[in-house]
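Biologist: I should like to learn how to read the places where the chains of an assembly meet. Please take me through them one feature at a time.

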Number of protein chains: 4
Amino acid sequence: MAGFVSTVRVRYAETDQMGVAHHGAYIPWFEEARIEWLRACGISYRDLERQGILMPVVEVAITYKRPLRFDDVAELTTSAEVLGPSRVRFSTEVRLHGEDMLRAEAQVTVAATTPEGRPTRLPASLSATAAQGPKQPG
Amino acid sequence: MAGFVSTVRVRYAETDQMGVAHHGAYIPWFEEARIEWLRACGISYRDLERQGILMPVVEVAITYKRPLRFDDVAELTTSAEVLGPSRVRFSTEVRLHGEDMLRAEAQVTVAATTPEGRPTRLPASLSATAAQGPKQPG
Amino acid sequence: MAGFVSTVRVRYAETDQMGVAHHGAYIPWFEEARIEWLRACGISYRDLERQGILMPVVEVAITYKRPLRFDDVAELTTSAEVLGPSRVRFSTEVRLHGEDMLRAEAQVTVAATTPEGRPTRLPASLSATAAQGPKQPG
Amino acid sequence: MAGFVSTVRVRYAETDQMGVAHHGAYIPWFEEARIEWLRACGISYRDLERQGILMPVVEVAITYKRPLRFDDVAELTTSAEVLGPSRVRFSTEVRLHGEDMLRAEAQVTVAATTPEGRPTRLPASLSATAAQGPKQPG
C-alpha cells in the first residue's frame with residue numbers, strides 16, 4: 001500500500017550537538033503525520049477529542065538509519081493497520097525529499113479511549129480507510 | 001534580596017548544532033524555577049490548578065550573555081515581585097554552578113486566572129512571600 | 001512595513017495541560033520565521049553556518065495576548081531592523097490565519113558571530129533587505 | 001539485575017492537552033538516565049564525545065502503560081546489555097516514586113561511532129560494567 005505522504009522541515013531547535021536532528025524530534029513529526037493522515041480521511045483529531053474520543057500512544061518503535069540535518073525536508077509516508085476495535089497502528093517511513101533511501105521508520109500504536117481513559121471504539125471512518133489508506137490530495 | 005536557588009543540568013536533547021543549550025531550552029528551566037520557588041513558599045502549583053487558579057505566562061524577556069553546554073549544572077536564582085492583585089513577575093539569574101559570572105537572566109510575568117481565562121487574585125501566601133522571598137531550604 | 005508572512009500549525013506536542021500552545025513552543029516558531037525571512041532574502045541560514053557565520057540569539061522578548069490551540073494555523077509576520085554591523089532584531093507578530101487580532105508578538109535579537117563566538121559582520125544581503133523586507137512570494 | 005535508579009520530575013512544559021506527560025517527553029528522560037548510568041560507571045559522556053566517541057541512538061522501543069502527570073517524580077531504573085563491540089542496549093523501567101506498578105518501559109539501542117559516523121569500539125569500562133551494572137551511590 002502506497003501510504004499517505006506529508007512533509008516536515010527540520011527545525012534548528014530540533015538539532016543537537018551531533019549536528020543532526022535529535023532522535024526525540026521525530027516523535028512530534030510522526031504525531032503530525034498521523035494527524036494529517038486522519039485529516040486526509042476526513043477526520044479532524046481536534047473534533048474527535050471534542051467528541052470525547054482521545055487517541056493516546058501506547059507503543060512506539062523507531063529505527064534510525066541515517067541522520068537528518070537542519071533545514072532538510074523530510075518526506076513521511078504513513079499507513080495504518082487496525083489491530084482491534086479500539087487500537088490502530090500507524091507505520092511511517094522517513095525519507096529525504098526526492099530520495100529513495102530510508103532514513104528512519106516507525107510504528108506507533110494508539111488506543112481509542114474516553115477522556116477517563118477507558119477503551120472506546122475507533123471512529124468508523126478511520127477503520128474503513130485504514131484498510132485502503134486515505135486519498136492523497138493532488 | 002537574595003533569591004531562591006534551584007539547579008538544572010543541561011540535557012543532551014536541549015543542545016543544538018551550535019554545541020550549546022538552545023535558547024528555547026531555558027523557558028522550561030525558568031518555569032521549573034518558578035514552580036520550585038512556589039513550593040518553597042508552601043504552594044504546590046499542581047494543587048493551585050486543581051483549586052481553579054491557573055498562572056499563564058503573559059510576558060517573557062530573556063537576555064543571553066554566555067552559552068551553557070551539555071551536562072553543565074546551571075544555578076537559577078529566582079525572586080518575585082507582585083505587580084498587581086493578579087499579576088506577578090519572576091526574575092531569574094542563571095549562573096554556572098560555582099561561578100559569579102551571569103550566563104543569562106530572565107523576567108517572566110504571569111497572571112492568575114480562572115480556568116476560563118478571567119483574572120483572579122493571586123494566592124495570599126504568594127503575595128506575602130514575594131515581598132521577602134521563600135526560605136532557602138538547608 | 002508589511003513584513004514577511006509564514007505559517008505554522010500548532011502541534012499536539014506543543015500543547016500543555018492548560019489546553020493551549022505552551023509559551024515555550026513559540027520560540028522555535030519565531031526561529032523558523034527568521035529562517036524563512038532569510039530564505040526569502042536569498043539567504044540560506046544553513047549555508048551561512050557552513051561559511052562560518054553563526055547567528056546566536058542574544059535577546060528574546062515575547063508578549064502573549066491570547067492563546068493558540070492545537071491544530072490552529074498561526075500566521076507569523078516578520079520584519080527585521082539592523083541594529084549594528086553584527087546585530088539585527090527581528091520582530092514577529094502572531095495571528096490566527098484570517099484574523100486581525102494579535103495573539104502574540106516577539107522581538108528577537110541575534111548577533112552575527114564566528115564559530116568561536118567573536119562578532120562578525122552581518123551578510124550584506126541581509127543588511128540590504130532588512131531596510132525594505134524580503135519580497136513575499138506569490 | 002537490579003539496575004541503576006535515577007529520578008526526574010515531570011515538567012509543566014512536558015504535559016499536553018490530555019493532562020499527562022506527552023509521550024515524546026520520555027525520550028530526553030531515558031537519555032538523561034543513560035547519561036547518569038554512564039556517570040555511575042565512571043564515564044562522562046561529555047568527555048567521551050570530546051575523545052571522539054559519539055553514541056547516537058539507532059533504535060527506540062517504548063511501551064506506555066499508565067500516564068504520568070505534571071510534578072510527578074518518576075523513578076527510572078536502567079540497565080545495559082552489550083550487543084556487540086560497538087553497540088549497547090539500555091533498558092529503562094519507569095515507576096512513580098514509591099510505587100511498584102510499571103508506568104512505562106523502554107529499550108534504547110545506541111551505537112558507538114566516530115564523529116564521522118563510522119562504528120568504533122565501546123569504552124572498555126562501559127562493556128565491563130554493563131555485565132553487572134554500576135554501583136548505586138549511597
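Biologist: Which residue stands opposite Val60(B) in β2(C)?

Modeller: Val60(B) faces Ile62(C). This is a predicted model, in which local features need pLDDT of at least 70, side-chain atom pairs count only at pLDDT 80 or more, and totals for chains, interfaces and linings use all residues. Residues are numbered from 1 along each chain as its sequence is written, while chains are lettered from A and ligands numbered from 1 in the order in which they are written.

Biologist: How many bridges join strand β2 of chain B to β2(C)?

Modeller: Two strands pair if DSSP finds at least two bridges between them. Here β2 (residues 57-64) of chain B and β2(C) run antiparallel and are joined by five bridges. Strands are DSSP runs of E, at least two residues, and helices are runs of H or I, at least four, numbered from the N terminus.

Biologist: Which element gives the largest share of the side of chain C that touches chain B?

Modeller: Residues are in contact if their C-beta atoms, placed from the backbone, lie within 7 Å. The contact takes 15 residues from chain C and 15 residues from chain B. On the side of chain C, α1 (26-40) and β2 (57-64) each supply at least two residues, and β2(C) gives the largest share, eight residues.

Biologist: How is chain A related to chain D?

Modeller: Two copies of a chain are related by a rotation about an axis and a shift along it. A turn of 180° and a shift of 0.0 Å along the axis lay chain A on chain D with an RMSD of 0.0 Å, by least squares on the C-alpha atoms of residues with pLDDT of at least 70 in both. The two copies are thus related as by a two-fold rotation axis. In chain A, the C-alpha of Ala61(A) is the nearest to the axis, 2.1 Å from it.

Conventions: Two residues are in contact if their C-beta atoms, placed from the backbone, lie within 7 Å.
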